[in-house]
Amino acid sequence: MSRTSLPLVEISGTPRERGRQYGEQARERVQRSLTYYAEAFGHASGLSWEQVVRRAARWAGPSKAFAPELVEEMEGIAEGAGVGFLDVLALNARGEIIYDTTFSAMEADGCTSFALMGEATGDGHVYAGQNWDWREGVSGTLMVLRVVQPGRPTVVMHVEAGQVGRQGANSAGIALNANGLGGRFDDSVGVPQTLIRRRVLDSGNLSAALETLTGTKAHIASNALVTHQAGFAIDLETTPGAVGWMYPAHGLLVHGNHYQAFVPPQLAAHYRPSAADSLVRVPRAEGGLRTVREASGTDEARKRIRAAMSDHLGFPESLCTHPDPGQPAVKRWATLLSSCVDLTTGDYLIAAGTPCDHEYERLPWNLYDGPHGDARI
C-alpha cells in the first residue's frame with residue numbers, strides 16, 4: 001500500500017496520553033511551527049512571540065468550556081514536545097489571533113473545497129476534498145494524524161503540527177473540509193476553529209456534526225463543507241453571528257473563500273471578498289469536476305479530480321496556487337496539499353504539495369478501520 005511523503009502520526013488512549021504521543025512524535029515539526037509563526041506574526045504586527053502567546057491566553061477559557069478533553073490533549077502535546085501549553089494554544093488559535101486588529105496585514109487561510117455525490121462520478125463513489133492554500137513556510141510543519149479514541153469514531157486528519165483539528169474524515173463516514181471566509185465581527189471571544197473542526201470529526205453521526213457547526217459560538221467566520229458516505233453533502237458558512245447553508249447541484253458542491261450562500265448583515269454594507277482569486281477558483285473547480293461524471297472507473301475518476309484541482313487560470317494565485325516570487329518569503333502562498341477522500345471505499349488520498357506536480361498517494365489507513373467502521377448505509 002502506498003504511503004504519503006508527509007509524516008504519519010498515530011495516537012490513542014486518554015486525551016493526555018494522546019497528546020503526549022502526538023508531541024513526542026511531532027516534536028521537531030511543532031518546533032518548526034513555532035519558529036515560523038514567530039517570524040510571520042512578527043512580520044505582520046511587530047509583536048514578539050512572547051506577546052503573541054500572552055494574547056493567545058484569552059482562548060484558554062472558551063476552549064476548556066467547549067472541549068475540556070481537547071485542552072487536555074493540547075496540554076499533553078506541550079508536554080511531549082517540550083514546549084509551553086500557551087505555545088500550543090497559540091498554534092491552535094492562530095487563525096483567531098490573525099483577526100485581531102493588530103494583524104490587519106495578515107490574511108487568513110485560502111482553500112477550495114469540493115464534494116461529489118455518486119450521481120456526479122463515473123464510478124458512483126462519494127468524494128470529498130480540497131486544495132489547502134496557506135503560507136508556503138508552513139509546508140515543513142504538515143503531518144497526517146490518526147486518532148483512535150475510546151467511545152468515538154477514529155479520525156484521520158491533515159494538520160499543522162501542534163493542532164488538534166483541521167480537515168479530515170472519520171470512521172463514521174463523515175468528511176469535513178474547511179475554508180476561511182474573512183470579515184471582522186465584534187470583540188467577543190469565541191471558540192477556535194481547530195477545536196470546532198475536531199469536534200465535528202469526533203461526531204458519530206451527521207446530526208451531531210451539524211449541531212456542532214450550527215450551535216457553537218465561533219470566534220471567526222469559517223466555511224465548513226460536510227460530506228457523508230450515504231451521498232449527502234451540505235456547506236455551512238458559519239460566523240460569530242448567523243449561519244448560511246447550501247446543497248449540491250447535480251451532485252456537485254464547491255466552495256472557496258467568499259460568501260456564496262449569504263453575506264452576513266454585519267458585513268453586507270461594505271463586503272468585499274477577502275481573496276479575489278476565489279471568484280475564479282470556484283467556477284474553474286466546478287467546470288473541471290463536472291468531467292468526473294464521464295470517468296469510466298475509479299482510477300480515472302481520481303485522475304480527473306486531480307486534473308480539476310490542478311487548474312492554473314490566474315497563476316500564481318490560481319486554483320492550484322504557486323508561490324509568488326515577488327512577495328517576501330514569509331508571505332508567499334502555495335497549495336500546501338490537495339486531498340481527496342473516497343467515502344465509499346475509505347481511501348484517503350493526499351498530494352503532498354501542488355497537485356499539478358504531485359500524485360495523489362493513498363494513506364496506509366482505511367477510514368473504516370475503527371469504531372463505527374462496520375456501519376454501512
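**Note on a predicted model: sheets, helices and cysteines**

1. In strand S12, Ser 339 is the bridge partner of Gln 130. The strand concerned, S12 (residues 333-342), is joined to S3 by nine bridges, and the two run antiparallel. Helices (H or I, at least four residues) and strands (E, at least two) are DSSP runs, numbered from the N terminus. Two strands are said to pair if DSSP finds at least two bridges between them.

2. The basis of this note should be stated early. The model is predicted, so that local features need pLDDT of at least 70 and side-chain atom pairs count only at pLDDT 80 or more, while totals for chains, interfaces and linings use all residues. Residues are numbered from 1 along each chain as its sequence is written, and side-chain values use heavy atoms, with hydrogens and water left out.

3. Strand S3 also pairs with S2, in the antiparallel sense and over five bridges. Within this pairing, Ala 115 stands opposite Ala 128 in S3. Strand S3 is mostly covered, since nine of its nine residues are buried; buried means under 20% relative accessible area, exposed over 50%, and partly exposed in between (1.4 Å probe, protein chains only).

4. These strands belong to an open sheet of six strands in the order S11-S2-S3-S12-S13-S14, with antiparallel pairing. Its edge strands are S11 (252-255) and S14 (361-362), each of which pairs on one side only. Helix H10 (residues 278-290) packs on this sheet, touching S2 (112-116), S3 (127-135) and S11, and its direction makes about 155 degrees with that of S11. Contact here means heavy atoms within 4.5 Å. Axes are lines fitted to C-alpha atoms, for helices over the stretch in contact, and angles run from 0 to 180 degrees between N-to-C directions. Towards the other edge, two bridges join S13 (residues 347-351) to S14 in antiparallel fashion, and Leu 349 has Arg 362 in S14 as its bridge partner.

5. A second open sheet has eight strands, in the order S1-S4-S5-S6-S7-S8-S9-S10, and its pairing is mixed. Strands S1 (8-12) and S10 (243-246) stand at the edges with a single partner strand each, so one side of each is left without a neighbour in the sheet. From one strand to the next, the twist averages 20 degrees. Helix H1 (residues 15-25) packs on this sheet and touches S1, S4 (142-148) and S5 (155-160); the direction of H1 makes about 160 degrees with that of S1.

6. Within the eight-strand sheet, S8 and S9 run antiparallel and are joined by seven bridges. Asn 223 has Glu 237 in S9 as its bridge partner. Both residues return in the surroundings of His 255, which lies in strand S11 and touches Asn 223 and Glu 237, among others including Cys 111, Asp 235 and Gln 260. The side chains of His 255 and Glu 237 make a polar contact (2.6 Å). A polar contact is a pair of N or O atoms within 3.5 Å; within protein, one must be able to donate a hydrogen and the other to accept it, and residues adjacent in sequence count only if both atoms are side-chain atoms. His 255 counts as buried, at 0% relative accessibility.

7. Which residues of helix H9 (residues 206-215) are buried? They are Ala 209, Leu 210, Thr 212 and Leu 213. These residues cover an arc of only 150 degrees around the axis, which puts them on the same side of H9; the arc is that of the directions from the helix axis to the C-beta atoms. The face turned away from the buried side of H9 carries the exposed residues Ser 207, Glu 211 and Gly 215. The buried residues of H9 pack against H4 (60-66), S7 (174-180), H8 (193-201), S8 (222-228) and S9 (232-238). At the start of H9, a side-chain oxygen of Asn 205 reaches to within 3.2 Å of the backbone nitrogen of Ser 207.

8. In helix H3 (residues 49-56), the buried residues are Trp 49, Val 52, Val 53 and Ala 56. Seen down the axis of H3, they fall within an arc of 100 degrees, so they line one face of the helix. Glu 50 and Arg 54 are exposed on the face of H3 turned away from its buried side. The packing partners of the buried residues of H3 are H2 (27-45), H4, H6 (85-92) and H7 (94-98).

9. A disulfide is a pair of cysteine sulfur atoms within 2.5 Å, and by this rule the count comes to zero. Cys 320 is in no disulfide, the nearest cysteine sulfur being that of Cys 356, 3.8 Å away. The sulfur of Cys 340 is 15 Å from the closest cysteine sulfur, in Cys 320, too far for a bond. Cys 320 counts as buried at 0% relative accessibility, and Cys 340 counts as buried at 0% as well.

How values were computed:
Lists of a residue's contacts leave out its neighbours within four places in sequence.
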